[in-house]
Amino acid sequence: MSQSDLFALAATICVLRLGVVVRRTGLSRSTLYGLMDPKSKYYDPTFPKRIQLTGRVGGAVGFIEAEISRWIESRTAA
């Protein structure tokens with residue numbers, strides 16, 4: 001992959017906050033937290049991992065838009 005390809009890829013990466021993921025998926029916040037929690041009966045290991053947006057614990061988190069879109073597409077195919 002060339003350097004210009006990497007710059008183009010980086011320019012297209014979009015981070016979604018939890019509220020946007022709630023609207024995109026149609027799921028509640030608590031359901032999304034259940035999908036992310038390995039101790040939950042609703043845990044889904046295929047659900048995209050959240051990324052830390054700030055340096056502090058408990059700070060802002062987000063999700064990569066492309067990963068959320070792929071997860072939604074996988075759910076519609078199932």
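**Notes on the sheet and its aromatic cluster**

1. A good place to start is the pairing of Val15, whose bridge partner in strand E3 is Ile64. Please keep in mind throughout that this is a predicted model. The pairing belongs to a wider contact between E1 and E3 (residues 61-64): the two strands run antiparallel and are joined by two bridges.

2. Now for the sheet as a whole. It is open, with three strands in the order E1-E3-E2 and antiparallel pairing. Strands E1 (15-16) and E2 (51-52) each have a single partner strand and stand at the edges, so each has one side without a neighbour in the sheet.

3. Helix H4 (residues 65-77) is worth a look next. H4 packs on the sheet, where it touches both E1 and E3. The direction of H4 makes about 60 degrees with that of E3.

4. On to the aromatic side chains, where searching the whole structure turns up two pairs. In one of them, Phe47 and Phe63 have ring centres 6.0 Å apart and planes at 70 degrees; planes over 60 degrees apart count as edge-to-face, so this pair is edge-to-face. Phe47 sits in the loop between helix H3 (29-36) and E2, while Phe63 is in strand E3, so the pair ties together parts that are 16 residues apart in sequence. Phe47 and Phe63 are both buried.

5. Phe47 also pairs with Trp71, again edge-to-face, with 4.9 Å from centre to centre and 85 degrees between the planes. Since Phe47 lies in the loop between H3 and E2 and Trp71 in helix H4, this pair ties together parts that are 24 residues apart in sequence. Trp71, like Phe47, is buried.

6. Putting the two pairs side by side, I would describe Phe47, Phe63 and Trp71 as a cluster linked by ring pairs. When you view the model, it may help to display this cluster together with H4, the helix that packs on the sheet and holds Trp71.

7. A few words on the chain overall. The chain has four helices and three strands, and from the N terminus on its elements follow the order α-β-α-α-β-β-α. Of its 78 residues, 23% count as buried.

8. Finally, contacts and surface. Taking contacts between residues at least 6 apart in sequence, 40% join residues at least 24 apart. The accessible surface of the chain is about 5600 Å², and carbon and sulfur atoms account for 58% of it.

Conventions: Residues are numbered from 1 along each chain as its sequence is written. This is a predicted model: local features need pLDDT of at least 70, side-chain atom pairs count only at pLDDT 80 or more; totals for chains, interfaces and linings use all residues. Side-chain values use heavy atoms; hydrogens and water are left out. Two strands pair if DSSP finds at least two bridges between them. Contact means heavy atoms within 4.5 Å. Axes are lines fitted to C-alpha atoms, for helices over the stretch in contact, and angles run from 0 to 180 degrees between N-to-C directions. Rings of Phe, Tyr and Trp (its six-membered ring) pair if their centres lie within 6.5 Å; planes under 30 degrees apart count as stacked, over 60 as edge-to-face and the rest as tilted. Buried means under 20% relative accessible area, exposed over 50%, partly exposed in between (1.4 Å probe, protein chains only). Accessible areas come from the Shrake-Rupley method with a 1.4 Å probe; for residues, only the protein chains shown count as cover.
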